[in-house]
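Student: I should like to go through the reasoning behind the terms used for this model. May we begin once it is displayed?

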Amino acid sequence: MYVEEAVANGAVLINGAKVKKVITAGKNAIGVEYKKRGKTVSAFAPKIVISAGGIGSPVILRASGIQGAGYSFFFDPLIGVRGTVKDIDVPSSDIPMSAGVHLEDEGYMMTDMAHPFFTTAFFAAGVMRFDKMFSRRNTLQIMIKAKDNLGGELTDRGGIRKNLDKLDKQKLRRGYERAKKILQNAGGKNIFKTGYLAAHPGGTVKIGELVDSNLKTEYENLYVCDCSVIPEAWGLPPTFTILGLGKRLAKHLGDT
Ligand SMILES: Cc1cc2nc3c(=O)[nH]c(=O)nc-3n(C[C@H](O)[C@H](O)[C@H](O)COP(=O)(O)OP(=O)(O)OC[C@H]3O[C@@H](n4cnc5c(N)ncnc54)[C@H](O)[C@@H]3O)c2cc1C
């Protein structure tokens, strides 16, 4: 909606373009260099906002000379805890995450997580539960998502190098035990957990370190606005926060 609004107001949207680096002149950012269909192209603007996400943005910044980007981040690791309940038929239209609880003191959140056929089978196979690959209709799943400690580093090409520490694993294990009891109380049998996943990479270009409180980098006219600017361990769905940051930045840039 916001993109459509911007285009209606005259913004030019270039799809399928991969930004490689920011073009600078001294301490000023003046444009970006991007690749589209194998061609390298430059675009220039008075203000530049990098919003390539928790992995994409630090890669662009590093290629633009901001070497500190992409270290000590979070990614909110998660597992699914699954149980089989006889005589239920979970509809394929079941909406995941329709209820949830944030157990802040224990360092994780939990929510219901119905899956479509493909991912039910894929994640069961991932932990060798081939017997559960085709059990979507009578599988109940609870997702445990932990607040991991900051750590790790990205490679220059965006490869993720991070291990879960003892405390992170303990949070997920405790969440697993709690989810297991809930599923057992619901009649669940054959309870098992999926492998680790992570879907919220962020904290790679932190406010207070690489951007100021208005999301400006060390270069004039260069801003970053996405999950990468969150400055501390997170452990929650970040979308509303990121939208809020975007609206705040838009107002700030409009005022300057
Ligand atoms: C399966 C899944 C489920 C999720 N569910 C939820 C949820 O229920 N609630 C919630 O709040 N969050 C959820 N999240 C997390 C949420 O989607 C992300 O945290 C959020 O989208 C991050 O926003 P962002 O703007 O930082 O980055 P993104 O949304 O990742 O946007 C970055 C964009 O930049 C593009 N890009 C990257 N590099 C370049 C480049 N070099 N040049 C040009 N473009 C580039 C990418 O293609 C992408 O379109 C989920 C994530 C996943 C994977």
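Student: What covers the buried residues of H2?

Tutor: In this predicted model, the cover over the buried residues of helix H2 (53-63) includes S1, strand S4 (48-50), S5, strand S10 (151-154) and strand S14 (222-224).

Student: What makes H2 a mostly covered helix?

Tutor: A residue is called buried if 20 or more other C-beta atoms lie within 10 Å of its own. Eight of the eleven residues of H2 are buried, so by this criterion the helix is mostly covered. The buried residues are Gly54, Ile55, Ser57, Pro58, Val59, Ile60, Leu61 and Arg62.

Student: Which residue follows H2, and what is the sign of its phi?

Tutor: Gly65 follows H2, and the phi of Gly65 is positive, near 100°.

Student: How many residues does H2 give to the shell around the ligand?

Tutor: H2 gives four residues, the most to that shell. Strand S1 (18-25), H2 and helix H5 (239-255) each supply at least two.

Student: What makes a residue count as part of the surroundings of the ligand, and which residues come nearest?

Tutor: The C-beta atom of the residue, placed from the backbone, must lie within 6 Å of the ligand. There are 17 residues around the ligand, and Gly53, Gly56, Asp226, Pro237 and Thr239 come nearest.

Student: How is that shell divided by residue class?

Tutor: The shell has nine nonpolar, six polar and two charged residues. Gly counts as polar, and therefore Gly53 and Gly56, which are among the nearest residues, belong to the polar class.

Student: Into which domains is the chain divided?

Tutor: The division is into domain 1 (2-72 + 202-255) and domain 2 (75-198). Their C-alpha centres lie 31 Å apart.

Student: How do you know that the two domains touch, and how many residues does each give to the contact?

Tutor: Two residues are in contact if their C-beta atoms lie within 7 Å. The contact between the domains takes 14 residues from domain 1 and 18 residues from domain 2, so the domains touch by this criterion. On the side of domain 1 that touches domain 2, helix H2 and strand S5 (71-73) are the elements that give two or more residues. H2 gives the most to that side, with five residues. By class, that side of domain 1 has seven nonpolar, six polar and one charged residues.

Student: What share of the chain as a whole is buried?

Tutor: Of the 256 residues, 35% count as buried.

Technical notes: Residues are numbered from 1 along each chain as its sequence is written. This is a predicted model: local features need pLDDT of at least 70, side-chain atom pairs count only at pLDDT 80 or more; totals for chains, interfaces and linings use all residues. Domain bounds come from an automatic or database domain assignment. A residue is buried if 20 or more other C-beta atoms lie within 10 Å of its own, exposed if 12 or fewer, and partly exposed in between; C-beta atoms are placed from the backbone.
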